[in-house]
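Biologist: I am new to this structure and would like a close look at one part of it. Please show me the model before I ask.

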Amino acid sequence: MENTACFLLALVVTLVPVSTTLGDNNKPKNISAVVGRSVTFRCPWNLSIPVYRLYIQKLGNQPLFINGFNNGKKLPVSPEYQDRTEVNQAELSMEMTNIKLSDEGSYKCVVFSSTSSRDIFQINLKVTAEFTTPELKSECSENDGAKKGRSCQMSCSAAGGYPVSDVKWLGLNQSRIRVLQNETAENSTSKTWSVNQTINYTCEHPINVSCDIGGSDSHTITICEAESFPLKVIVAIVFVLVFVMLLVLAFFMMLFCRRQRPQPYRADHQVDGAHIPLDDCHSQRQSV
Ligand SMILES: *[C@@H]1O[C@H](CO)[C@@H](O)[C@H](O)[C@H]1NC(C)=O
Ligand SMILES: *[C@@H]1O[C@H](CO)[C@@H](O)[C@H](O)[C@H]1NC(C)=O
Ligand SMILES: *[C@@H]1O[C@H](CO)[C@@H](O)[C@H](O)[C@H]1NC(C)=O
Ligand SMILES: *[C@@H]1O[C@H](CO)[C@@H](O)[C@H](O)[C@H]1NC(C)=O
Ligand SMILES: *[C@@H]1O[C@H](CO)[C@@H](O)[C@H](O)[C@H]1NC(C)=O
Ligand SMILES: *[C@@H]1O[C@H](CO)[C@@H](O)[C@H](O)[C@H]1NC(C)=O
Ligand SMILES: *[C@@H]1O[C@H](CO)[C@@H](O)[C@H](O)[C@H]1NC(C)=O
Ligand SMILES: *[C@@H]1O[C@H](CO)[C@@H](O)[C@H](O)[C@H]1NC(C)=O
């Protein structure tokens with residue numbers, strides 16, 4: 001019962017227009033947080049001045065009480081922030097855990113002290129979400145010799161990030177990048193973005209390339225590798241060499257067989273032609 005009364009008191013007090021004592025030395029403070037992580041709101045207060053009451057509220061159409069204390073006692077917190085916020089009375093700060101994109105916005109510390117009735121400080125929270133590690137795919141044309149260089153089609157994609165981010169290509173000559181496709185889509189449930197950009201790039205030499213989306217880097221790949229052209233040539237040369245060696249070998253074997261022509265084995269030969277000894281080579285027919 002006392003808790004409910006306190007909560008109502010807090011609401012009533014904090015709903016009163018708060019701009020009255022906003023000092024000009026209290027410029028809004030900007031802080032940022034990453035989805036799923038935590039952040040600490042610090043009310044910019046001289047801690048040697050005792051504070052007997054603190055409200056931290058979120059601004060919106062209606063200011064919303066989030067957490068605070070009164071005369072050293074915790075104030076009842078609304079269910080949404082019950083498990084996610086913790087006030088440190090000594091430091092006049094509040095930790096918020098499991099940050100969501102919807103936490104982005106402006107917050108106020110309303111500080112009640114003995115020296116002045118009420119001081120108000122604004123803190124703006126910017127929330128970001130990290131993109132997944134970008135996936136980099138490439139497909140390069142064969143080096144057909146007729147045209148100089150090869151044209152590579154590369155795509156870089158990532159998801160789950162906020163705010164939406166452009167794709168950066170690292171290692172490439174920026175003025176030679178031709179964007180073929182640039183897709184961005186918002187996930188309406190999570191409000192995060194997915195990005196997929198496809199480019200065309202012509203290269204003559206091997207290049208190590210990677211891409212970056214919102215500070216998240218892909219692995220590095222090498223395009224236009226010189227290997228594929230010489231490899232074919234090497235295979236062809238080896239093939240021809242082996243063929244020539246076989247020819248030479250066959251030629252010498254023929255010479256060798258002719259010189260060492262064995263005495264024809266007439267009896268056997270006449271009886272059964274199938275029993276020609278192998279080492280007679282082809283000389284049998286000539287000797288008949
Ligand atoms: C806070 O951010 C706002 C808008 O993003 C900017 O205009 C302002 O100068 C920033 N304030 C500080 C103290 O950096
Ligand atoms: C904080 O307040 C104390 C007492 O009023 C004062 O002596 C001190 O200089 C203040 N410190 C700062 C950083 O303003
Ligand atoms: C980038 O490509 C352009 C156009 O092909 C060329 O003029 C420029 O010299 C290149 N820059 C570098 C750093 O290679
Ligand atoms: C790709 O799309 C994003 C979002 O629509 C835009 O900000 C960016 O400028 C585009 N980039 C290119 C190279 O077209
Ligand atoms: C949108 O995000 C939610 C929550 O992260 C996820 O479950 C869902 O699969 C996503 N939808 C699409 C179309 O990617
Ligand atoms: C990105 O776009 C390219 C070209 O349209 C496509 O081949 C690739 O599968 C897309 N990647 C993702 C993750 O959607
Ligand atoms: C990429 O560019 C090269 C050279 O400008 C061109 O020959 C090739 O057709 C292009 N590929 C695509 C998919 O547009
Ligand atoms: C690409 O990276 C590999 C491994 O880091 C390195 O050995 C190679 O020299 C690099 N190639 C170019 C063209 O930078």
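Biologist: In which helix is the place of F251? Please describe that part closely, then go on to the disulfides.

Modeller: This is a predicted model. F251 sits in helix α3, which covers residues 228–259. Its relative accessibility is 49%, so F251 counts as partly exposed, since exposed would require over 50%. Together with V240, V244, V248, F252 and L255, F251 makes a nonpolar surface patch of about 550 Å².

Now to the disulfides, of which the structure holds four. One of them joins C43 and C109, with the sulfur atoms 2.1 Å apart. The torsion about its S-S bond is about -80°, so this disulfide is left-handed. C43 lies in the loop between β2 (39–42) and β3 (51–58), while C109 belongs to strand β8 (residues 105–113), so the pair ties together parts 66 residues apart in sequence. Both C43 and C109 are buried.

Another disulfide is formed by C140 and C152, whose sulfur atoms are 2.0 Å apart. Here the torsion is about 105°, so the link is right-handed. C140 is in strand β10 (residues 135–140) and C152 in strand β11 (residues 150–161), so parts twelve residues apart in sequence are tied together. C140 is partly exposed, with a relative accessible area of 28%, whereas C152 is buried at 0%.

Strand β11 also holds C156, which is linked to C211 in strand β15 (residues 207–213), 55 residues apart. The S to S distance of C156 and C211 is 2.0 Å. With 85° about the S-S bond, this link is right-handed, and both C156 and C211 are buried.

Key: Residues numbered from 1 in each chain as written. Chains lettered and ligands numbered in written order. Predicted model: local features only at pLDDT ≥ 70, side-chain atom pairs only at ≥ 80, totals over all residues. Heavy atoms only, no water. Patch = residues over 30% accessible without salt bridge, like charges linked within 9 Å, V, L, I, M, F, W, Y side chains within 5 Å. Areas by Shrake-Rupley, 256 points an atom, 1.4 Å probe, with all protein chains shown as cover. Salt bridge = Lys/Arg side-chain N within 4 Å of Asp/Glu carboxyl O. Helix = DSSP H or I, 4+ residues; strand = E, 2+ residues; numbered from the N terminus. Buried < 20%, exposed > 50% of the residue type's maximum accessible area, 1.4 Å probe, protein only. Disulfide = S-S within 2.5 Å.
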